[in-house]
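Here is a short walk through one structure, with an eye on its charged pairs, its cysteines, its nonpolar core and one strand in particular. Have the viewer open and follow along.

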Amino acid sequence: MVVKSNQRVNTPDINITNNTFSMEDSGRGASYTVPCDDYVHVVEFSPFDSGSAALLAYGGNQYVVVGTCRFQEEDMEVEGVEFTTLRVFHHALRVDCLAWSPESRLDKLPQLIRFCTAAADRKVRLLTSDLQNQHEVKVMEGHTSYINHLVFEPTEGKQIASVSDDHTCRVWDLEGNETTTFRLRSPGVSVCWHPEDAFKLMVAEKKGTIRFYDLVTQQAILSLDCGQSPLMSADWCLSNTIKVGAVTGSDWVIWDITRSSYPQEKRPAHVERAGNFRWSRVNENLFSTTGCPGKISSQLLVHHLGHPQPVMIGSATVGAGLSWHRSLPLCVIGGDRKLSFWMTEM
């Protein structure tokens, strides 16, 4: 139960607010929650240093809320979590996926917020704002079916990659030009960029194959095989790039890409089909998985490669989205009118 709330996070015509929330009492419930006024379809911490508190964005039916989060684990003056709304961006349709640009910074003037989104109209939108008077939206068209995931090139943020049910991975520049297209053999479900090499891209396909592409030669240089399908989500461990993880069916699978194209470890994770897989950004052995949204209760599981069982089991009603804080062992999922945060003991 949230026991302290100064003000709810409102939707579109919101003023900047500063909200402090405290800890949940339930052992299996979230460590912290932040109330929202709508269902949260996607939520993403910025994985980049913004020069301030952690940037977080979440998307609802026709808007994106951008704010900062500060937790009591990093600031003793905070009780629980302090969420400060910076701006609400109107969005033509429900937000289905979202990615942060490394150019987003709050410690320089003018401030810069840049992120991209995808929606059911098969378009990528690039939103840029100085949080004052300058706001720009660029629309990128080319996909012919539902977009499942997108990501910015992480070193300079001058490119965006997206994957779709149309069996393509497309790379765009910031002007909206499609610069590269990779033809896939099944729907693309996840795309990740190498954290330091701007020419290496990882693409996961629903049929159970993960390929690594060289953007210079535009050729696949390595492939991994789940041995089963459907593959629903995959992630590249950015703190140790020989590790790749995914959820396929109800299992999680882990590869060491220097050893084999087949998984090194595989374990059942969820009673029904799994939905998301994400590596922690602070511990290369820590990762989380969720069940698929739409169930009565969508479990969040946090796993450690040194432990045979999940190190934490969180229960969240109809959760959507999954993201890790860039410097704390803490992850967030969205849900019906709230964000739920889980802190993991290291």
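Let's start with a charged pair: Glu284 and Lys243 meet through their side chains in a salt bridge, 3.2 Å from N to O. This contact links distant parts of the chain, with the two residues 41 positions apart. Glu284 sits in the loop between strand E23 (274-279) and strand E24 (286-291), while Lys243 belongs to strand E20 (residues 243-248). As for burial, Glu284 is partly exposed at 30% relative accessibility, whereas Lys243 counts as buried at 12%. Keep in mind that this is a predicted model, so every value here is computed from predicted coordinates.

**More salt bridges**

How many salt bridges does the structure hold? The count is 14. One of them joins Glu103 to Arg114, with the closest N and O atoms 2.5 Å apart. Glu103 lies in the loop between strand E7 (97-100) and strand E8 (113-118), and Arg114 is in strand E8, so this pair ties together parts that are eleven residues apart in sequence. Glu103 is partly exposed at 21% relative accessibility; the cut-off for buried is under 20%, so Glu103 falls just outside that class. Arg114, in contrast, is buried, with a relative accessible area of 14%. The pair has company, too: Glu103, Arg114 and Lys158 are linked in a network of salt bridges.

Another bridge brings together the side chains of Glu265 and Arg267, at 3.2 Å from N to O. Here Glu265 is partly exposed at 26% relative accessibility, and Arg267 is partly exposed as well, at 24%.

Here are the three pairs with their N to O distances:

| Acidic residue | Basic residue | N to O distance |
|---|---|---|
| Glu284 | Lys243 | 3.2 Å |
| Glu103 | Arg114 | 2.5 Å |
| Glu265 | Arg267 | 3.2 Å |

**The strand after the loop**

Back to the loop that carries Glu284. Strands E23 and E24 are joined by a hairpin through six residues. They run antiparallel, with five bridges between them, and Phe277 stands opposite Thr289 in E24.

Is E24 enclosed or open? Six of its six residues are buried, so E24 is largely enclosed by the rest of the structure. Both of its faces are covered: one side carries Leu286, Ser288 and Thr290, the other Phe287, Thr289 and Gly291, and all are buried.

**The nonpolar core**

In soluble globular proteins, nonpolar side chains tend to be buried together. In this model, the largest nonpolar core has 22 residues. Those touching the most other members are Phe45, Leu56, Tyr58, Phe71, Leu330, Leu339 and Phe341.

Which elements give two or more residues to this core? They are strands E2 (32-39), E3 (42-45), E4 (54-59), E5 (63-71), E6 (81-90) and E28 (330-343). E28 supplies the largest share, with five residues.

**Cysteines**

A disulfide is a covalent bond between the sulfur atoms of two cysteines. How many does this structure hold? Zero disulfides turn up in the model. If you want to look at cysteines anyway, Cys192 is buried, with a relative accessible area of 6%. Cys237 is buried too, at 0% relative accessibility.

Key:
Residues numbered from 1 in each chain as written. Predicted model: local features only at pLDDT ≥ 70, side-chain atom pairs only at ≥ 80, totals over all residues. Heavy atoms only, no water. Disulfide = S-S within 2.5 Å. Buried < 20%, exposed > 50% of the residue type's maximum accessible area, 1.4 Å probe, protein only. Salt bridge = Lys/Arg side-chain N within 4 Å of Asp/Glu carboxyl O. Helix = DSSP H or I, 4+ residues; strand = E, 2+ residues; numbered from the N terminus. Core = buried A, V, L, I, M, F, W, Y, C linked by side-chain atoms within 4.5 Å. Pairing = 2+ DSSP bridges.
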